[in-house]
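Work through the exercises below with the sequence and the model side by side. Each task is followed by a solution in steps.

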Amino acid sequence: MTTTFASDITGQRAAHLDADVSGQKHFDQLIADDSRVEPTDWMPEGYRKTLTRQVSQHAHSEIIGMQPEANWISRAPSLKRKAILIAKVQDEAGHGLYLYSAAETLGTDREELVEQLLSGKAKYSSIFNYPARTWADVGAIGWLVDGAAIANQVPLCRASYGPYARSMVRICKEESFHQRQGWEILYELANGTPEQKQMAQEAINRFYGPALQMFGPPDDESPNSRQSMAWNIKRFSNDELRQRFVDMIVPQAEALGLHFEDPDLKWNEERGHYDFGELDWSEFKSVVSGNGPCNEQRMKHRRQAHEEGAWVREAAAAYVRRQAEQSEPGALIA
Ligand code: BYC
C-alpha cells in the first residue's frame with residue numbers, strides 16, 4: 001500500500017517535471033519568436049511574478065492617479081472643461097479596471113491585489129504623490145504626466161504577455177486624448193494674461209522633474225529591467241524612454257512659449273538628443289518609500305473610498321449569484 005502510494009507520488013512528480021521541461025521549451029520559443037504568451041500557456045514563476053507586480057502596480061497607479069485631477073472637477077473654469085475632466089478621470093478608472101482584469105489572468109484575485117495596495121505592500125507611480133495646486137497643474141498633468149505615460153506605454157503594446165499588451169492598445173489611445181487636453185489647457189493659459197502665463201510656467205516647473213522620474217530609476221539602479229527586457233515585457237530601458245520623452249517635450253514647450261527650468265537642458269548635436277540635468281533621485285526614493293507631499297492623503301482617501309464602496313461590491317456579487325441561480329435549468333424566474 002505504502003509502496004504504491006510512494007510510487008504514485010514519484011510518478012506525479014516526474015509528470016510535473018516533464019510538463020515543466022516542455023512548458024519551458026514552448027515558452028522560450030514564444031519569446032524567441034517575439035510571439036505572445038497567453039494565460040493558458042505554461043510560464044516560469046518569475047515571469048508570472050514580475051508581470052503580476054508590474055501590471056497590478058500599473059492598475060493601482062491609474063486608480064490613485066484619479067485623485068489629483070478629480071480634486072479639480074468642482075473647480076474647473078467652465079462647464080466644457082468640467083465635462084472633459086470628468087471624462088478623463090473616468091477613463092483612468094477604466095484603465096485601472098482593464099489592468100486589474102489583465103493581472104487577474106496571471107492567477108491572483110483582484111481582492112488580493114487591492115489588499116496589497118491598501119496595506120502599503122504594493123507601489124504605485126511616484127507622480128501621484130504630488131498635489132495639483134492650480135488649474136494649470138491639471139494642464140501640466142495632462143501634457144507631461146499622460147505624455148510620459150504614453151512614451152512608456154506605447155512599447156508595452158508589444159509586451160509579450162497578451163492580456164497586458166492588448167489592454168495597452170486602448171489605454172494608449174485614450175492617453176493620447178488626455179495629453180492633448182492638457183496641452184490645450186496650457187496653450188490657452190500661455191496665450192492668456194501675463195498672470196495666466198506665469199501660472200502655466202510654474203506648473204511645468206513643478207511637474208518637469210517628477211514626470212521624468214515616472215520612467216523609474218536610472219538603468220544602473222533598475223533591478224528589474226534586464227530580466228523584463230529579456231522576457232520582452234519592457235522593450236526599452238528606463239533611461240532610453242526618459243531620453244525619448246525629453247526629446248519630444250522640448251519642442252512642444254517651445255510651441256507653448258514656455259521653458260523647462262533645467263540649466264543643463266540643451267541640444268547635443270553629436271548625440272542627436274537633448275542633454276538634461278541630473279534628477280533628484282533622493283527625492284524620488286523618499287516619495288516612493290511613502291514620504292512624498294501627498295502619500296498619506298492619497299492612501300487615506302483610497303482606503304475610505306474602498307470602505308464606502310463595500311456595499312456596491314456586495315450588491316454586484318449578489319446580482320451575479322442571482323443571475324447564476326436563475327440560469328440553472330428548472331429555476332423559477334422571480
Ligand atoms: N514610481 O527595476 P525598476 C497614468 C519601482 S498611470 C514608483 O526600474 P521596473 C495616469 C519599481 O516598481 C501610469 N515606483 O522597475 C493615471 C521597482 O520596485 P518593485 C503608470 C517606481 O518595473 C492617472 C523599483 O522602483 N505607469 O499614466 O522594471 C492619471 C525599481 O525599478 C517608479 C506604469 O505603471 C515610479 N515612477 O520599471 C494620469 C507603467 N519607477 O516593484 C495618468 C508600467 C520604478 O520591484 N510600469 N519604481 O518593488 C512600467 O513600465 C515599469 O514598472 C516602470 C519601472 C518603468 C515604472
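**Exercise 1.** Locate Asn224 among the helices, classify its accessibility, and relate it to Thr50 in space.

*Solution.* Asn224 lies in the loop that joins α8 (194-213) to α9 (225-230), where helices (H or I, at least four residues) and strands (E, at least two) are DSSP runs, numbered from the N terminus. Its relative accessible area is 34%, so Asn224 is partly exposed; buried means under 20% relative accessible area, exposed over 50%, and partly exposed in between, with a 1.4 Å probe and protein chains only. Although 174 residues along the chain separate Asn224 from Thr50, their C-alpha atoms are 8.2 Å apart. Thr50 itself belongs to helix α2, and because its relative accessibility is 12%, Thr50 counts as buried. Leaving out neighbours within four places in sequence, the contacts of Thr50 are Ser228, Trp231 and Ile233, contact being heavy atoms within 4.5 Å.

The model is predicted: local features need pLDDT of at least 70, side-chain atom pairs count only at pLDDT 80 or more, and totals for chains, interfaces and linings use all residues. Residues are numbered from 1 along each chain as its sequence is written, and side-chain values use heavy atoms, with hydrogens and water left out.

**Exercise 2.** Describe how α4 packs against α7 and against α5, giving angle, distance and handedness.

*Solution.* Two packed helices are described by the angle between their axes and the distance between the axes. Here axes are lines fitted to C-alpha atoms, for helices over the stretch in contact, and angles run from 0 to 180 degrees between N-to-C directions.

Step one takes the pair α4 (residues 79-104) and α7 (residues 162-190), whose axes come within 10 Å and cross at roughly 160°. The two helices are therefore roughly antiparallel to each other; angles under 35 degrees count as roughly parallel, over 145 as roughly antiparallel, 65 to 115 as roughly perpendicular and the rest as oblique. The crossing of α4 with α7 is left-handed, a term for a near helix turned anticlockwise from the far one by less than a right angle, with right-handed used if it is turned clockwise. Sorted by class, the residues of this contact between α4 and α7 are ten nonpolar, four polar and nine charged, where Ala, Val, Leu, Ile, Met, Phe, Trp, Tyr, Cys and Pro count as nonpolar, Asp, Glu, Lys and Arg as charged, and the others, Gly among them, as polar.

Step two takes α4 and α5, which pack at an angle of about 115° with their axes 9 Å apart, and α4 and α5 are therefore roughly perpendicular to each other. Their crossing is right-handed. On the α4 side the contact involves Leu97, Tyr100, Ser101, Ala103 and Glu104, which meet Arg110, Leu113, Val114 and Leu117 of α5. By class, this contact of α4 with α5 has six nonpolar, one polar and two charged residues.

**Exercise 3.** Which residues of α5 are buried, and what covers them?

*Solution.* In α5 (residues 110-118) the buried residues are Leu113, Val114, Gln116, Leu117 and Leu118. Their cover includes α2 (45-64), α4 and α12 (295-308). Just after α5, Gly120 has a positive phi of about 90°. Further along, Ser126 sits in the loop between α5 and α6 (135-153); because its relative accessibility is 8%, Ser126 counts as buried. Not counting residues up to four places away in sequence, Ser126 touches Gln213, Phe284, Val287 and Val288.

**Exercise 4.** Compare the settings of Asp34 and Asn232, and state for each whether it is buried or partly exposed.

*Solution.* Most residues other than glycine have a negative phi, and most peptide bonds are trans. Asp34 nevertheless has a positive phi of about 55°, in the loop between α1 (2-32) and α2, and because its relative accessible area is 44%, Asp34 is partly exposed. Asn232 likewise has a positive phi, near 60°, in the loop between α9 and α10 (238-256), but at 13% relative accessibility Asn232 counts as buried.

**Exercise 5.** How many helices and strands does the chain have, and what percentage of its residues is buried?

*Solution.* The chain has 13 helices and two strands, and 46% of its 334 residues are buried.
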